[in-house]
Amino acid sequence: MRVMERTFREQLFFLVLCLSVLKGDSRYIEHNNDISTDELYSFFNSELKRETPDMLMYRRPLRCLDMVAVEGQFTFTAESPQLNCAAFFMAEPNEVISVDYDNVDADCSGGDFITVFDGWVMKGEKFPSSQDHPLPPYERYVDYCDSGSARKSVRSSQNVAMVFFRIHSAGSSFTLTVKKHINPFPCNVISQSPEGSYTMVIPHQHRNCSFSIIYPVAIDISEFSLGHHNSFPKRSLPGCAETGDFVQLLGGNGIDPSKLFPITDLCISFTGPTHMKIGCDNTVVRMVSSGKFVSRVSFSYRLLDRQELQTIKLNDVENFCFNN
């Protein structure tokens, strides 16, 4: 049952993903791919039928535009020049991803490249944002042609990663080995599902963490402890950020949390949970921690139905997502 539920979530997520990938013309912002609905459902069906014993490594071809949510070996072979390709990798919230280059047959001097990115890039926006990621932007890109045999393995900092690649010659190929590893203190996460629950903890670390839900959702914050406050939050007064420890609710239609609309900051206690409906393509719970405390927030979320979305769309206060 767990396998069936996860593959169904992957199906829904991949549909949203493929419809939202935009054209690009550089090695870092991709791409131009035409995939029909029939091709998508064909891909989904083949993935849903997959049942591989744990002792065997799963193998399949890698597509020019692909979504991978399982461990295994994925081989891309160019049947013709493929100049704008991207593969998105996703794991569970408490996992990170390693990508190993294997059997690479690419013409680096002729303009080919295979670049692993620590996170996702869509429509020119990055997740996690540059403000929330532990590495500077240039260190998040690892290109095979630049590093060669010096670095054949790359590990992500969160539960998503991706590979950009450009292959000019038919017959050229490469293989990627993808593995998942437990992350004891997950920080930045993209949810696989439009519904669920999650607890975000930052233990005495000066960092920012974002939990991204790429669906319009109703969200309930049930537990709230930000060091100096140990109760429930409410909409903040001006100056909430000055406390150094707070939670933000953000909404918008991109994936970069730093470019989303700030719906509210949560840092002032009161007696009751917080409930909000956010009709955006992306809803983010972002925790900012000074590192002085053990910061913790627990929340649950569910997909908004059509009637709820229509009500939000007609609300002048909350329709910013539909105007972007």
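Ser172 is found in the loop that runs between strand β11 and strand β12, the latter covering residues 173-182. In this predicted model, Ser172 counts as buried, because its relative accessible area is 8%, and buried means under 20%. Leaving aside the neighbours within four places in sequence, Ser172 is in contact with Phe76, Thr77, Ala78, Asp105 and Ile167. One of these partners, Ala78, is 94 residues away along the chain, yet the C-alpha atoms of Ser172 and Ala78 are separated by 5.7 Å. Another partner of Ser172 is Ile167, and Ile167 belongs to β11, the strand to which the description now turns.

Strand β11 takes in residues 160-167 and is mostly covered, with eight of its eight residues buried. The side chains of this strand can be followed in two sets: Val160, Met162, Phe164 and Arg166 point one way, while Ala161, Val163, Phe165 and Ile167 point the other way, and all of them are buried. Which strands pair with β11 in the antiparallel sense? One of them is β4, which is joined to β11 by seven bridges and runs antiparallel to it; within this pairing, the bridge partner of Phe89 is Ala161 in β11. Another is β6, which pairs with β11, also in the antiparallel sense, over five bridges, and here Ile114 stands opposite Phe165 in β11.

From β4 the path can be continued to a further strand. Strand β4, made up of residues 82-90, pairs with β2 in the parallel sense over four bridges, and Asp66 of the β2 strand stands opposite Ala87 in β4. Strand β2 itself spans residues 65-68, with Leu65 and Met67 pointing one way and Asp66 and Val68 the other way, and all of these residues are buried. Strand β4 therefore takes part in two pairings described here, because two strands pair if at least two bridges are found between them: the four bridges with β2 are parallel, whereas the seven bridges with β11 are antiparallel.

Phe164 of β11 also gives a way to place Val121, a residue of strand β7, which consists of residues 120-122. Val121 and Phe164 are 43 residues apart along the chain, and their C-alpha atoms are separated by 9.7 Å. Is Val121 buried or exposed? Val121 is buried, because its relative accessible area is 3%, and the limit for a buried residue is under 20%.

The interior also holds enclosed spaces, and the count comes to two cavities of 30 Å³ or more. The second largest cavity has a volume of about 30 Å³, and its lining consists of Ile97, Val99, Val116, Phe117, Asp118, Val154, Arg155, Ser156 and Ala161. The elements that give two or more residues to this lining are β5 (95-105), β6 (113-117) and β10 (153-155). By chemical character, the residues of the lining divide into six nonpolar, one polar and two charged. Ala161, which appears in this lining, is the residue of β11 already met as the bridge partner of Phe89.

A few places stand out for their backbone geometry. Most residues other than glycine have a negative phi, and most peptide bonds are trans. Asn103, by contrast, has a positive phi of about 50° although it is not a glycine. This residue lies in strand β5, and Asn103 counts as exposed because its relative accessible area is 64%, where exposed means over 50%. His204, likewise not a glycine, has a positive phi of about 55° and lies in the loop between β14 (196-203) and β15 (208-213). Phe127 and Pro128 are joined by a cis peptide bond, with omega at about -10°, and Pro128 lies in the loop between β8 (125-127) and β9 (141-143).

These local views can finally be set within the whole protein, which has five helices and 22 strands. Of its 324 residues, 50% count as buried, and the accessible surface comes to about 15,400 Å², of which 51% belongs to carbon and sulfur atoms. Among contacts between residues at least 6 apart in sequence, 76% join residues at least 24 apart. The pair Ser172 and Ala78, 94 residues apart along the chain and in contact with each other, offers one example of two such distant residues brought together.

Terms used
Residues numbered from 1 in each chain as written. Predicted model: local features only at pLDDT ≥ 70, side-chain atom pairs only at ≥ 80, totals over all residues. Heavy atoms only, no water. Buried < 20%, exposed > 50% of the residue type's maximum accessible area, 1.4 Å probe, protein only. 1 Å grid on protein atoms, 1.4 Å probe; cavity = no way out; pocket = protein on both sides within 12 Å on 5 of 7 lines; lining within 4 Å. Points joined across faces, edges and corners; volume = space filled by probe spheres on them. Nonpolar A, V, L, I, M, F, W, Y, C, P; charged D, E, K, R; others polar. Contact = heavy atoms within 4.5 Å. Areas by Shrake-Rupley, 256 points an atom, 1.4 Å probe, with all protein chains shown as cover.
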